[in-house]
Amino acid sequence: MRDFLGDGIFNADGDTWKLQRQVSSHEFNTKSLRKFVETAVDSEISGRLVPVMKLAAGDKTHQLDFQDILQRFAFDNICRIAFGYDPAYLSPSLPPEAEKFAVAFQKAIELSRQRFASITPYYWKIKKALNFGSEKQLKIAVDQVREFAKEIINRKKKQLLIQSGHSDEDILSRFLVSGHSDEDFVADIVISFILAGRDTTSAALTWFFWLLSKNPKVEAEIFIEVNKDKSSSSELSSAYDEVKDMVYTHGCLCEAMRLYPPVPVDTKAALNDDVWPDGTVVKKGMRVCYHPYAMGRVEEVWGGDWAEFRPERWLEREEEGGGAGKWKFVGRDSYTYTVFQAGPRICLGKEMAFIQMKRVVAGVLRRFRVVPVVVEGVEPVYVMDFTAKMKGGFPVKIIEREGV
Ligand code: HEM
């Protein structure tokens, strides 16, 4: 992955990783970043997602690939958060500059992934040395992504000079202001962030909406929740609190990702010889994988009904005046539920991801019903990539709810 990700956080170890982790986790915990994320998500929902869905709802024969729509949504969103740039990938009139960036990014991921599928690493290494075939294309795509990232970095630097160091809210500006101005290094950082935020939330939401369509009672409960929160939120109460309170929806998202984790499998390499508590011997250099898809389906952990979509396994009713009250979220530890990984390299964007996903769920379900166009009894196929995908997309019809 080095050609594409360089020393970005996903690909780094040791001091470079530590530095990026420290600066990012500090920034991720600031209220201002949270606020910025909410504003970016909300404007993408009202300015793009809702209009696109309204348009689809207006024509009863119109099918949308909802997986594609959610990916475009997430790409716009993460670009705005990572480097304060809006590619407008979800807008109907796609600006050519944006398309080029989005397409180059997609190609760079796809071609990097192909290396893993190569029969022997020598094969792609020879192609790389001779600069031909897929390796030549990879180089072109990576160069395009980097050029574009650097252009944005330079624009930002100039802007910061004009604003005498006063930072914008995006992650790139935060790194630049904290004294990290090496172009290649900050380009690495933003590229990793875009990768992290691009396909994960969209994968989670694709499967979430599929599961809802099969579980109308769950959808009805979420509908009540998102409308209750809307009516109770005064202008003064922060939007973050509104989302924080969507406890039932939170349980549903966790349950959807247990069955269909956005990152299906994750691989590490042992730095030194090790012996695990159960006696397993791991030698230096060995590859070790953990497998959230399989771990979410283990009967000993999740019970005999592991195959069922049952959000209540994450929820409890609080007692209120002798009767059943509000839902309370009952989390599982991160080593049992490994969807966001665990330990020092646990996902940095978990909270940000939930904010984004809950706001999309509320924004969509308040206004629309998402109805899959599938042959009765045929289940969509979960494909394992770096992130999970629904094979062939997720064709849906959009129905606007009455009276909204
Ligand atoms: C449902 C959504 C998401 C899921 C399931 C998820 C899952 C994961 C997983 C499994 C890892 C470990 C990857 C590895 O070992 O290399 C990870 C790391 C990471 N995630 Fe997420 N992620 C999500 C959304 C996000 C978002 C929106 C961001 C924000 C930009 C983000 C930022 C990161 C970063 C920066 C790391 C690297 C942490 C490190 O290596 O120290 N993630 N995530």
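Start by selecting helix 9, residues 183-198, in this predicted model. Put a distance on the end C-alpha atoms of its 16 residues and you should read 22 Å, close to the 22 Å expected at 1.5 Å a residue. Now switch on a surface and look for helix 9 under it: 13 of the 16 residues are buried, so the helix is mostly covered.

Next, move along to helix 10, residues 200-214. How far apart are the end C-alpha atoms of helix 10? They sit 22 Å apart, and that agrees with the 21 Å that 15 residues should span at 1.5 Å a residue. Helix 10 is largely enclosed by the rest of the structure, because twelve of its 15 residues are buried. To see them, select from Thr201 through Ser202, Ala203, Ala204, Leu205, Thr206, Trp207, Phe208, Phe209, Trp210 and Leu211 to Leu212; these are the buried ones. An α-helix makes a turn every 3.6 residues, so positions three or four places apart point the same way.

Time for the ligand. Click on its iron atom and find the protein atom that serves as a donor: SG of Cys347, at 2.3 Å, is the only one. Trace the backbone around Cys347 and you'll find yourself in the loop between strand 7 (323-329) and helix 16 (350-365). Is Cys347 buried, partly exposed or exposed? With a relative accessibility of 34%, Cys347 counts as partly exposed. UniProt, in an unreviewed entry, lists Cys347 under "binding site".

Stay in that loop, since Gln341 lies between strand 7 and helix 16 as well. Check the backbone angles here: Gln341 is not a glycine, yet its phi is positive, at about 65°. Gln341 counts as buried, because its relative accessibility is 12% and the cut-off for buried is under 20%.

There's another positive phi to visit. Jump to Asn131, in the loop that runs between helix 6 (121-130) and helix 7 (133-162). The phi of Asn131 is near 50°, again in a residue other than glycine. How accessible is Asn131? Its relative accessible area is 35%, which makes Asn131 partly exposed.

From there, step into helix 7 and pick Lys150. Lys150 is partly exposed too, with a relative accessible area of 24%. For a sense of scale, draw a line from the C-alpha of Lys150 to the C-alpha of Glu318: the two residues are 168 apart along the chain, and the line should come out at 51 Å.

Last stop: the inside. How many cavities of 30 Å³ or more does the structure hold? The count is one, and the largest cavity has a volume of about 40 Å³. To outline it, select these lining residues as sticks:

- Met257 and Arg258
- Pro292, Met295 and Gly296
- Trp302
- Thr336, Tyr337, Thr338 and Val339

Colour helix 13 (247-259) and helix 14 (292-295) while you're here, as each supplies at least two residues of that lining. What kinds of residue make up the lining of the largest cavity? Six are nonpolar, three are polar and one is charged.

Key
Residues are numbered from 1 along each chain as its sequence is written. This is a predicted model: local features need pLDDT of at least 70, side-chain atom pairs count only at pLDDT 80 or more; totals for chains, interfaces and linings use all residues. Side-chain values use heavy atoms; hydrogens and water are left out. Donors are N, O and S atoms within 2.8 Å of the metal (3.2 Å for Na, K and Ca); water is not among the atoms, so sites may look incomplete. Helices (H or I, at least four residues) and strands (E, at least two) are DSSP runs, numbered from the N terminus. Buried means under 20% relative accessible area, exposed over 50%, partly exposed in between (1.4 Å probe, protein chains only). UniProt positions are given in the numbering used here, feature names are shortened, and annotations may be inferred rather than shown by experiment. On a 1 Å grid over the protein atoms alone, a cavity is a set of points where a 1.4 Å probe fits but cannot get out, and a pocket is an open set with protein on both sides within 12 Å along at least five of seven lines; lining residues have an atom within 4 Å of a point. Grid points are joined across faces, edges and corners, and a volume is the space filled by probe spheres set on the points. Ala, Val, Leu, Ile, Met, Phe, Trp, Tyr, Cys and Pro count as nonpolar, Asp, Glu, Lys and Arg as charged, and the others, Gly among them, as polar. The expected span of a helix is 1.5 Å times one less than its number of residues.
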